Amino acid sequence: MSKGVNLKILSQRLNLSQTTVSRALNGYPEVSAETRKRVAEMADKLGYAPNSQARRLATGRSMAIGHVIPRSIHEMMNPIFLEFIAGAGETYSKHGYDMIISVVEDDQEEEAYRQISSRKKADGVIVHGPAHDENRHALLKDLNLPFVVHGRIAGAETETCWIDMNNRRAFQRATDLLLDLGHTRIALLNGLEHMDFARRRRRGFEDAIKERGLAPDPALMRSNDMTEPYGCDNAMEMLKSDNPPTAFLVSSMISAIGVARAIGQCGLVTGKDVSIITHDDALSFLPNSGEVPIFTCTRSSVRYAGEKAAELLLAMIANPNSEPTSLHLDAELIIGQSTGPAPAKV
């Protein structure tokens, strides 16, 4: 790698003005894609990397992306959020952006966004954990602060930029699999249902059951923070009831581990006596791996979602007049060891 390469040397090698090279490196839309590619390749070849302060001066941008996390969402999503951030952070780093994470009290969230806008602390933000009655997008539009939603805002899909897994379809397919295996007593252990993703998952579960001419049983449907004790305690209560479920559909690998613990404590065998399907966010620290995975699951990588959300936001910052873009991801349905035919009735 060349030593001491600066913008002037890079410009001379390319036979371009320093202004054009700077604009190409910083994603200005008036520079052609071909020129941006040529500049990026030469910068890589020479080992040129503009420092953050220089880029801020050249672009008038903060060269940072904000993540404002209300404490209630942070506590609920912590492992998933960290995996998302890992993916997003890789994208930011490749494009010379820093990341600002602010964990705030719920009633201070709006003020945090206003501070980011007024002080130009970040060029854009990622909105996490959209609720069913979401309104943050209206505030961010008023502030003229670019944003991408991780998830979807019901009724605002065409006017916002978002990335989301097809939660309804994933849980409908998972429920169909259990029904095909002969299970009719299926429990749903969902996330908090004021959240949009959890509502969509419940809808998929209920749709699949109704399409088979069955009625969802409210006694077998729970929602809460997706912790291991939540999975264990609720599964234990249901399994000890007079009419226990023969299968569980669970919104989190962490909760599914709790369900498996409860099954074992009841003297039953997962996959034989009681089946489990869980959603798997492909968390790096909790792999559901092996030739035959431990859990049958719907799988969609939240790290990949972080990478793509960051790309969408950086593209929006570079082209502020572009139309909103969305990315709807389908989850894989992966067969593991935790499902089997419904046990014969005695």
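**Reading the labels on a predicted model**

Reader: Why is Asn15 called exposed?
Author: Asn15 has a relative accessible area of 71%. Exposed means over 50%, so Asn15 earns the label. The model is a predicted one, and the values discussed here are computed from it.

Reader: Where is Asn15 found?
Author: Asn15 sits in the loop that links helix 1 (7-14) and helix 2 (18-25).

Reader: What makes the phi of Asn15 worth a remark, given that it is not a glycine?
Author: Most residues other than glycine have a negative phi. Asn15 is not a glycine, and its phi is positive, at about 60°.

Reader: Which value does the phi of Asn144 have?
Author: Phi of Asn144 is near 55°, again positive in a residue other than glycine. Asn144 belongs to the loop between helix 7 (136-142) and strand 4 (147-150).

Reader: How do you know whether Asn144 is buried or exposed?
Author: The relative accessible area of Asn144 is 69%. The cut-off for exposed is over 50%, so Asn144 is exposed.

Reader: Why is Asp98 called partly exposed?
Author: Asp98, which lies in strand 2, has a relative accessible area of 35%. Buried would need under 20% and exposed over 50%; the value for Asp98 falls in between, so partly exposed is the label.

Reader: How many residues separate Asp98 and Asn135 in sequence, and what is the spacing in space?
Author: Asp98 and Asn135 are 37 residues apart in sequence, and their C-alpha atoms are 26 Å apart in space.

Reader: What is the order of the strands in the open sheet?
Author: The open sheet has 6 strands in the order 2-1-3-4-5-11, with parallel pairing. From one strand to the next, the twist averages 15°.

Reader: What makes strand 2 (98-104) and strand 11 (326-329) edge strands?
Author: Strand 2 and strand 11 each pair on one side only.

Reader: How do you know that strand 1 and strand 3 pair?
Author: Two strands pair if there are at least two bridges between them. Strand 1 (residues 64-70) and strand 3 (residues 124-128) have 3 bridges, in the parallel sense, so the condition is met. In this pairing, Ile65 is opposite Gly124 of strand 3.

Reader: What joins strand 4 to strand 5?
Author: Strand 4 and strand 5 run parallel and are joined by 2 bridges. At least two are required, so these strands count as a pair. Val149 has Trp162 of strand 5 as its bridge partner. Strand 5 also pairs with strand 11, in the parallel sense, over 4 bridges; there Ile163 is opposite Leu327.

Reader: Which way do the residues of strand 5 point?
Author: Trp162 and Asp164 point one way, Ile163 and Met165 the other, and all are buried.

Reader: How do you know the direction in which helix 6 runs relative to strand 1?
Author: Helix 6 (residues 109-118) runs at about 170° to strand 1. Angles are taken between N-to-C directions, from 0 to 180 degrees, so a value of about 170° means that helix 6 and strand 1 run in nearly opposite directions. Helix 6 lies across strand 1, strand 2 and strand 3.

Reader: How many cavities does a search of the whole structure find?
Author: The search finds 1 cavity of 30 Å³ or more, with a volume of about 370 Å³. Among its 25 lining residues, the closest to the centre are His150, Asp164, Phe197, Arg201 and Asp281. The lining divides into 11 nonpolar, 9 polar and 5 charged residues.

Key:
Residues are numbered from 1 along each chain as its sequence is written. This is a predicted model: local features need pLDDT of at least 70, side-chain atom pairs count only at pLDDT 80 or more; totals for chains, interfaces and linings use all residues. Side-chain values use heavy atoms; hydrogens and water are left out. On a 1 Å grid over the protein atoms alone, a cavity is a set of points where a 1.4 Å probe fits but cannot get out, and a pocket is an open set with protein on both sides within 12 Å along at least five of seven lines; lining residues have an atom within 4 Å of a point. Grid points are joined across faces, edges and corners, and a volume is the space filled by probe spheres set on the points. Ala, Val, Leu, Ile, Met, Phe, Trp, Tyr, Cys and Pro count as nonpolar, Asp, Glu, Lys and Arg as charged, and the others, Gly among them, as polar. Contact means heavy atoms within 4.5 Å. Buried means under 20% relative accessible area, exposed over 50%, partly exposed in between (1.4 Å probe, protein chains only).
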